[in-house]
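Welcome! Below is a short guided tour for someone meeting this structure for the first time. Please keep the view open while you read.

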Amino acid sequence: MPETTIVIPKPDDWHVHLRDGAMLRAVLPYTARSFVRAIVMPNLRPPVTTSKAVAAYRDQILALLPPGSGFTPLMTLYLTDATDADDLAQGHADGIVTAAKLYPANATTNAEHGVSDVKKIYPVLERMQKIGMPLLVHGETVGKDIDIFDREAVFIDRTLIPLRRDFPELKIVFEHITTEQAASYVAENGGKTLAATITPHHLHVNRNAMFAGGIRPHYYCLPVAKREQHRQALVKAATSGKPMFFLGTDTAPHADTAKESACGCAGIFCAPQALELYAQCFDDAGKIANFEIFASRNGPAFYGFPVNAEKVTLQKQTAPIEIAAPIETADGQCITPFVPPSPLMWKIV
Ligand code: DOR
Ligand code: ZN
């Protein structure tokens, strides 16, 4: 009999966008409900580029948690060409900045202030390597000559491989991988210094979903979903039980007005049913027994944190569960959660 109930250590989300202001207030409860810790992205407007700004952002998040919430935001600093290595190292030593995020300039939402050439931050990377601070990468290379569906594969060749050669001890998380090339590169080279996060939406949809019967902006994110063969490679990697792959939802809320527009924003809001989405994918692959290692064990092991003591129970239902409804922010914006193309049978109980 296949498992229909699993009890696992409550997971962490190793990649979230919580935003700020009214949006933060609206989305935070969804992440705080399902996860004990979360790595919080720094691509606010303006981006969070100094330790002082990271501390202020963390305070803003903590102030919105209900008393007694066991949720811990783990903060990141947005690297720019001008990042001060001393400030970053001090923030890390003070326990404020867990990791630093590399957005190649203009690669994604709010990445205009990102790094124009990785060589410009070599002194910063040198310091991070020395102090054991993880580098989180948005792994896409943008350029006039690069097709959007090839950006991730080009990043591996032009940036990641040289970076790892120059900083062999630097801990790198290749965030939200979307291709067969990334999955096999990380499977072959991952370990103490390299790992990858995989989102629930990239496990559920391929690029056709964006164009099914018309243009569907709520399936648009960056890196953009790729062909079916890539989705299958991601499922294989995530469900493999290998230590270098772990959970990171990349939940990235935008107001519907910003998504459903002539130039819609990239980002998928998957926080409300993230665990259910992942569990469904593991079950569909016949690998539910490997869900715990992906969701609860590999991330803490890579980052050097203990596995959470609290448990969560997921149960397979006999009928599909209801898909999360759109939510509203205090300033009247509507945010539509990710709707998987096929039914969800797993539920947190
Ligand atoms: O789709 C995305 N949305 N990808 C990113 O890298 C950023 C994110 C956002 O902030 O909206
Ligand atoms: Zn992200």
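In which loop is the place of Pro-46? Pro-46 belongs to the loop between β3 (37-40) and α2 (51-63). A word before going on: this is a predicted model.

**Two cis peptide bonds**

Pro-46 is a good starting point, as the peptide bond that leads from Arg-45 to Pro-46 is cis, with omega near -5°. A second cis bond runs from Leu-222 to Pro-223, and its omega is also near -5°. To find Pro-223, look in the loop between α7 (200-204) and α8 (228-238). Leu-222 will come up again shortly, since Leu-222 is one of the residues that surround ligand 1.

**Around ligand 1**

Now turn to the ligand. Ligand 1 sits in the largest cavity. The residues around ligand 1 are His-17, Arg-19, Asn-43, Thr-108, Thr-109, His-138, Cys-221, Leu-222, Ala-252, His-254, Ala-266 and Gly-267. By type, this shell is made up of 4 nonpolar, 7 polar and 1 charged residues.

Three short distances between protein and ligand are worth finding on screen:

| Protein atom | Atom of ligand 1 | Distance |
|---|---|---|
| Thr-108, polar side-chain atom | oxygen | 3.0 Å |
| His-254, side-chain N or O atom | oxygen | 2.7 Å |
| Ala-266, backbone N or O atom | nitrogen | 3.1 Å |

Taken alone, ligand 1 exposes 290 Å², and the protein buries 100% of that.

**His-138 and Arg-19, two members of the shell**

His-138 is found in the loop between β6 (135-137) and α5 (151-166). Is His-138 buried or exposed? His-138 has a relative accessible area of 1%, so it counts as buried, the limit being under 20%. Besides lying in the shell around ligand 1, His-138 has a side chain that makes a polar contact with the side chain of His-176, at 3.5 Å.

Arg-19 is another shell residue to look at. Its place is in the loop between β2 (13-16) and α1 (21-34). Arg-19 has a relative accessibility of 12% and therefore counts as buried. The backbone of Arg-19 has a positive phi of about 60°, although Arg-19 is not a glycine.

**Asp-250, another positive phi**

Which value does phi take at Asp-250? Phi is positive there, at about 55°, although Asp-250 is not a glycine. You can find Asp-250 in the loop between β9 (245-247) and α9 (256-259). With a relative accessible area of 5%, Asp-250 is buried.

**Two helix residues and two long spans**

To finish, here are two residues in helices. Phe-282 lies in helix α10, which covers residues 274-284. Its relative accessibility is 0%, so Phe-282 counts as buried. Phe-282 and Tyr-103 are 179 residues apart along the chain, and their C-alpha atoms are separated by 30 Å.

Asp-87 is part of helix α3, residues 85-93. Why does Asp-87 count as partly exposed? The reason is that its relative accessible area is 24%, and partly exposed covers the range between under 20% for buried and over 50% for exposed. From Asp-87 to Ile-198 the sequence separation is 111 residues, and the C-alpha to C-alpha distance is 30 Å.

Key:
Residues are numbered from 1 along each chain as its sequence is written. Chains are lettered from A and ligands numbered from 1 in the order in which they are written. This is a predicted model: local features need pLDDT of at least 70, side-chain atom pairs count only at pLDDT 80 or more; totals for chains, interfaces and linings use all residues. Side-chain values use heavy atoms; hydrogens and water are left out. A residue is near a molecule or strand if one of its heavy atoms lies within 4 Å of it. A polar contact is a pair of N or O atoms within 3.5 Å; within protein, one must be able to donate a hydrogen and the other to accept it, and residues adjacent in sequence count only if both atoms are side-chain atoms. Accessible areas come from the Shrake-Rupley method with a 1.4 Å probe; for residues, only the protein chains shown count as cover. On a 1 Å grid over the protein atoms alone, a cavity is a set of points where a 1.4 Å probe fits but cannot get out, and a pocket is an open set with protein on both sides within 12 Å along at least five of seven lines; lining residues have an atom within 4 Å of a point. A molecule sits in a cavity or pocket if more than half of its atoms lie within 2 Å of its grid points. Ala, Val, Leu, Ile, Met, Phe, Trp, Tyr, Cys and Pro count as nonpolar, Asp, Glu, Lys and Arg as charged, and the others, Gly among them, as polar. Helices (H or I, at least four residues) and strands (E, at least two) are DSSP runs, numbered from the N terminus. Buried means under 20% relative accessible area, exposed over 50%, partly exposed in between (1.4 Å probe, protein chains only).
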